[in-house]
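These entries record what I looked up in one structure. I began with the aromatic rings, then turned to the pocket and to the confidence of the prediction.

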Amino acid sequence: MLDCRIVTVAALLMVAVPGISPAAEISYRGDWRCEALPSANLSAVRADAMALRNGPRLTVWRPVRTPDGSREFGRETGTTTIRDGRFTLETSVTLPRTVINGTFVGSATDTEIAFSGVQKVQLDAGGFGERRCRVTLTRQ
């Protein structure tokens, strides 16, 4: 009897208290935008981005496409834990002759995920640079 009451109270709190949601998968979709990076001969990026949230665990990814956009040849990804609606995210992708590592900070709610930060790009040919990026995703 006591166990039943505890479960009922916990379920009511999850519904009644803002910011607390049950551990169910929530998918998000939106835009990933980065500035151009002339030192690495890269144009500005505007890509579709996706995320999957399962409780406090957040996984984010975006496709990396050929310059003409005709095909995907890599995927920048990162996984983090959300604490009090905030998170720090590190992403990476290794491509032929290019490595991209991102460091971002952001916020998450059940309806939106937003983060911004810097991508560091290193080319085998010696090009290197950093560019600012901003990502906004909404619940699907």
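**Entry 1. Aromatic pairs.** I searched the whole structure for aromatic pairs and obtained four. I note at the outset that the model is a predicted one.

I took the pair of tryptophan 32 and phenylalanine 115 and looked up its geometry. The ring centres are 5.7 Å apart and the planes stand at 85°; an angle over 60 degrees counts as edge-to-face, so I entered the pair of tryptophan 32 and phenylalanine 115 as edge-to-face. I then located both residues in the chain. Tryptophan 32 belongs to strand 1 (residues 25-34) and phenylalanine 115 to strand 7 (residues 112-123). With their positions 83 residues apart, this pair links distant parts of the chain.

**Entry 2. Burial of the two rings.** Are tryptophan 32 and phenylalanine 115 buried or exposed? Tryptophan 32 has a relative accessibility of 0% and therefore counts as buried. Phenylalanine 115 has a relative accessible area of 2%, so I entered phenylalanine 115 as buried too.

**Entry 3. A further partner of phenylalanine 115.** I next looked up the pair that phenylalanine 115 forms with phenylalanine 104. Here the centres lie 5.3 Å apart and the planes are at 70°, so this pair is also edge-to-face. Phenylalanine 104 sits in strand 6 and phenylalanine 115 in strand 7, and the pair therefore ties together parts 11 residues apart in sequence. Both phenylalanine 104 and phenylalanine 115 are buried.

I then asked which residues the ring pairs link into a cluster. The members are Trp32, Phe87, Phe104 and Phe115.

**Entry 4. The largest pocket.** I looked up the volume of the largest pocket and noted about 730 Å³. Its lining comprises 27 residues, and those closest to the centre are Val64, Arg65, Thr66, Pro67 and Phe73. Four elements each give two or more residues to this lining: strand 2 (45-54), strand 3 (57-65), strand 4 (72-81) and strand 6 (98-108). Strand 2 contributes the most, with five residues. I sorted the lining by class and entered 14 nonpolar, five polar and eight charged residues.

**Entry 5. Confidence.** Finally, I checked the pLDDT of the chain. The average is 87, and 84% of the residues score at least 70. Where does the pLDDT fall below 50? I noted residues 4-18 as a stretch with such values. Beyond near neighbours in sequence, residues 4-18 have three contacts in the model.

Notes
Residues numbered from 1 in each chain as written. Predicted model: local features only at pLDDT ≥ 70, side-chain atom pairs only at ≥ 80, totals over all residues. Heavy atoms only, no water. pLDDT = per-residue confidence, 0-100. Contact = heavy atoms within 4.5 Å. 1 Å grid on protein atoms, 1.4 Å probe; cavity = no way out; pocket = protein on both sides within 12 Å on 5 of 7 lines; lining within 4 Å. Points joined across faces, edges and corners; volume = space filled by probe spheres on them. Nonpolar A, V, L, I, M, F, W, Y, C, P; charged D, E, K, R; others polar. Phe/Tyr/Trp six-rings, centres within 6.5 Å; stacked < 30°, edge-to-face > 60°. Buried < 20%, exposed > 50% of the residue type's maximum accessible area, 1.4 Å probe, protein only.
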